[in-house]
Amino acid sequence: MARVAAAALACAAWAAQAQQSAVPDAAQIDLGRKVFTQQASPACAVCHTLRDAQADGSIGPDLNELQPGSDQVRAVLRDGSGAMPSFEGQLTPEQLEAVIAYVVWASRAP
């Protein structure tokens with residue numbers, strides 16, 4: 001019985017990890033890239049470094065090194081942090097979710 005429970009927990013953990021590392025759909029990634037590089041004001045790429053976006057900003061954290069999770073990106077976009085303003089109200093919920101997915105995905109890209 002203990003082996004079955006352990007196996008079930010291992011499978012659940014693996015499934016959760018696989019879901020977190022799953023690639024979002026291409027349309028969401030494309031929208032997130034556009035928000036990051038062009039649509040947000042100021043554009044995220046002005047302040048942050050992110051290889052996929054060909055961004056080399058030096059004001060904010062290097063997102064390739066930080067590799068933030070979706071909850072972390074969501075909180076900073078909602079609340080702002082330091083010199084970074086809040087983007088809540090400026091971007092649509094769809095744009096916010098797209099840039100969250102993009103930053104998480106792109107910061108982990110080789």
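The paragraphs below lead through the fold, two helix contacts and the cysteines of this protein.

The model is a predicted one, and the protein it shows has six helices and two strands. Read along the sequence, these elements follow the pattern α-α-α-β-β-α-α-α, with the two strands standing between helices on either side. Of the 110 residues in the protein, 31% are buried. When contacts between residues at least 6 apart in sequence are considered, 54% of them join residues at least 24 apart.

Helix α6, which spans residues 93–107, takes part in both of the helix contacts described here, one with α5 and one with α2. The axis of α2, which covers residues 26–39, comes within 7 Å of the axis of α6, and the two cross at roughly 95°. Because angles of 65 to 115 degrees count as roughly perpendicular, α2 is described as roughly perpendicular to α6. On the α2 side, the contact is made by Gln 28, Ile 29, Leu 31, Gly 32, Arg 33, Val 35, Phe 36 and Gln 39, while α6 contributes Glu 94, Gln 95, Glu 97, Ala 98, Val 99, Ala 101, Tyr 102, Val 103 and Trp 105. Sorted by character, the residues of this contact between α2 and α6 comprise 10 nonpolar, four polar and three charged.

The other contact brings α6 together with helix α5, residues 70–79, where the axes come within 9 Å and cross at roughly 135°. That angle makes α5 oblique to α6, and the crossing of the two helices is right-handed. Helix α5 takes part through Ser 70, Val 73, Arg 74 and Leu 77, and α6 through Leu 96, Glu 97, Val 99, Ile 100, Val 103 and Val 104. Here the residues divide into seven nonpolar, one polar and two charged. Glu 97, Val 99 and Val 103 of α6 appear in the contact with α5 and are also listed in the contact with α2.

What does a search of the whole structure find in the way of disulfides? The search finds zero. For Cys 44, which is in no disulfide, the nearest cysteine sulfur is that of Cys 47, and it lies 8.5 Å away; Cys 47 is likewise in no disulfide, with the sulfur of Cys 44 as its nearest. A disulfide would need the two sulfur atoms to be within 2.5 Å. As for their surroundings, Cys 44 counts as buried because its relative accessibility is 11%, whereas Cys 47, at 21% relative accessibility, counts as partly exposed.

Methods:
Residues are numbered from 1 along each chain as its sequence is written. This is a predicted model: local features need pLDDT of at least 70, side-chain atom pairs count only at pLDDT 80 or more; totals for chains, interfaces and linings use all residues. Side-chain values use heavy atoms; hydrogens and water are left out. Buried means under 20% relative accessible area, exposed over 50%, partly exposed in between (1.4 Å probe, protein chains only). Axes are lines fitted to C-alpha atoms, for helices over the stretch in contact, and angles run from 0 to 180 degrees between N-to-C directions. Helices (H or I, at least four residues) and strands (E, at least two) are DSSP runs, numbered from the N terminus. Angles under 35 degrees count as roughly parallel, over 145 as roughly antiparallel, 65 to 115 as roughly perpendicular and the rest as oblique. A crossing is left-handed if the near helix is turned anticlockwise from the far one by less than a right angle, and right-handed if clockwise. Contact means heavy atoms within 4.5 Å. Ala, Val, Leu, Ile, Met, Phe, Trp, Tyr, Cys and Pro count as nonpolar, Asp, Glu, Lys and Arg as charged, and the others, Gly among them, as polar.
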